Amino acid sequence: MIVSADKNMRFYSSANLKQWEYMSEFGEGFGPQPNQFECPDFIQLPVDGDRSKMKWVMIVNINPGFVYGGSGTMYFTGDFDGHQFVCDTKPEVVKWLDWGKDHYATVTWSDAPDNRRIAIAWMSNWQYANDVPTSQYRSPNSVPRDLGLFTVDGETYLQSAPSPELLALRDASKKRSFKVNGTRTIKEMISGNDGAYEIELTIENQHADVIGFRLYNDKGEEVDMQYDMKEKKFSMDRRKSGEVSFNENFPMLTWTAIESGKDELKLRLFVDKSSVEAFGDGGRFVMTNQVFPSEPYTHIDFYSKGGAYKVDSFVIYKLKK
């Protein structure tokens, strides 16, 4: 058994599930300090899909200490001998499961089909969880995500991809392809758009410095997303997304580094009436943010800076209720 104990996680063993014996602990000095470790999860996953190479992953939710303030989900990879967990990174290295402002209290299911590890998170942040402009509930859960491990330059990272069962939600769709050199506007993404839809994008960069697109409505409320190809960053800006004045910590631009050397970019967006979830390259980076527009985002602008790019595939699916 693993339990949270303020700034660390403690392992206990029991032969009868009544008397418990302390074995070890992990976490003191790891991650942003000071912090509070919460909602632990401890799972084993194959590395790069190879089940002969397994690593343990400790998922730790913290509050405060997230990179953009408030609460968030970090993780550590390493080895476990049945008594003690040994992390394979230095204490000052912090890895975030999601780079948006609203991804916390992540938990996984045991005994999921096909030995999968499926995670779900509470889509909020304790900086403003009690202030969000909703009634009867305080923010939804994220879409379910299948977890896996991948490596880049010898470092191991946690991948978080939309669970395949979500494909069953897809309803009517439209597909387009076009080149962007300046601005390209699509006023009606899909007919009968009530605010719940999925977008799949495949983009081929043709020397653009910035690959951008913004979701917006007729009230001028928008969520702006960009690939900055020079800085190697993906960002999501919700500062003009709708109602943002309920808490000073809510208006925010969040960003994450993207891998170098990729001219083809793949992105899936799950948009609902009060959220945007972005999955890059099959979940190799993820960004989850709440938004509170006064009406759904029904239009999209694609724009480029410093060059052009080609949208090889832009598919939008209306989602079933």
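# Worked exercises on a predicted, strand-rich fold

Strands β14 and β23 run antiparallel and are joined by four bridges. The model is a predicted one, in which local features need pLDDT of at least 70, side-chain atom pairs count only at pLDDT 80 or more, and totals for chains, interfaces and linings use all residues. Residues are numbered from 1 along each chain as its sequence is written, and side-chain values use heavy atoms, with hydrogens and water left out.

## Exercise 1: Place a strand pair in its sheet

Task: find the sheet that holds β14 and β23, and say which strands stand at its edges.

Solution. Begin with the terms: strands (E, at least two residues) are DSSP runs numbered from the N terminus, and two of them pair if DSSP finds at least two bridges between them.

- Step 1. Pick one bridge: I186 has I300 of β23 as its partner.
- Step 2. Extend to the neighbours: six strands make an open sheet with antiparallel pairing, in the order β14-β23-β16-β17-β18-β19.
- Step 3. Look at the ends: β14 (183-186) and β19 are the edge strands, each with a single partner strand, so one side of each has no neighbour in the sheet.
- Step 4. Add the twist, which averages 15° from one strand to the next. Axes here are lines fitted to C-alpha atoms (for helices, over the stretch in contact), and angles run from 0 to 180 degrees between N-to-C directions.

## Exercise 2: Follow a covered strand

Task: work out how β21 is paired on each side, and how many of its residues are buried.

Solution. Buried means under 20% relative accessible area, exposed over 50%, and partly exposed in between (1.4 Å probe, protein chains only).

- Step 1. On one side, strand β20 (residues 264-272) runs antiparallel to β21, with six bridges joining them. L267 is partnered by G280 of β21, and two residues separate the strands of this hairpin.
- Step 2. β21 also pairs with strand β22 (residues 285-290), again antiparallel over six bridges. Here V276 is partnered by N289 of β22. The hairpin has four residues between its strands, and D281 in the turn has a positive phi of about 50°.
- Step 3. Count the cover: six of the six residues of β21 (residues 275-280) are buried.
- Step 4. Sort the directions: S275, E277 and F279 point one way, V276, A278 and G280 the other, and all are buried. In a regular strand, side chains alternate between the two faces of the sheet.

## Exercise 3: Pick apart the salt bridges

Task: for the pairs E25 with R10 and D301 with R214, find which parts of the chain are linked.

Solution. A salt bridge is a side-chain nitrogen of Lys or Arg within 4 Å of a carboxyl oxygen of Asp or Glu. The whole structure has 20 of them.

- Step 1. The closest N and O atoms of E25 and R10 are 3.5 Å apart. E25 is in strand β3 (residues 21-26) and R10 in strand β2 (residues 8-13), so the pair ties together parts 15 residues apart in sequence.
- Step 2. Check exposure: E25 is partly exposed at 33% relative accessible area, and R10 is partly exposed at 31%.
- Step 3. For D301 and R214 the closest N and O atoms are 3.0 Å apart. This pair links distant parts of the chain, with D301 in strand β23 (residues 299-305) and R214 in strand β16 (residues 210-216), 87 residues apart. D301 is buried, at 8% relative accessibility.

## Exercise 4: Describe the surroundings of R238

Task: say where R238 lies, and whether R238 is buried or exposed.

Solution. Work from the backbone outwards.

- Step 1. R238 belongs to the loop between β18 (233-237) and β19 (253-257).
- Step 2. R238 has a relative accessible area of 1%, so this residue counts as buried.
- Step 3. Its side chain makes a polar contact of 2.9 Å with that of Y128. A polar contact is a pair of N or O atoms within 3.5 Å; within protein, one must be able to donate a hydrogen and the other to accept it, and residues adjacent in sequence count only if both atoms are side-chain atoms.
- Step 4. Leaving aside neighbours within four places in sequence, the contacts of R238 (heavy atoms within 4.5 Å) include K101, D102, N289 and Q290.
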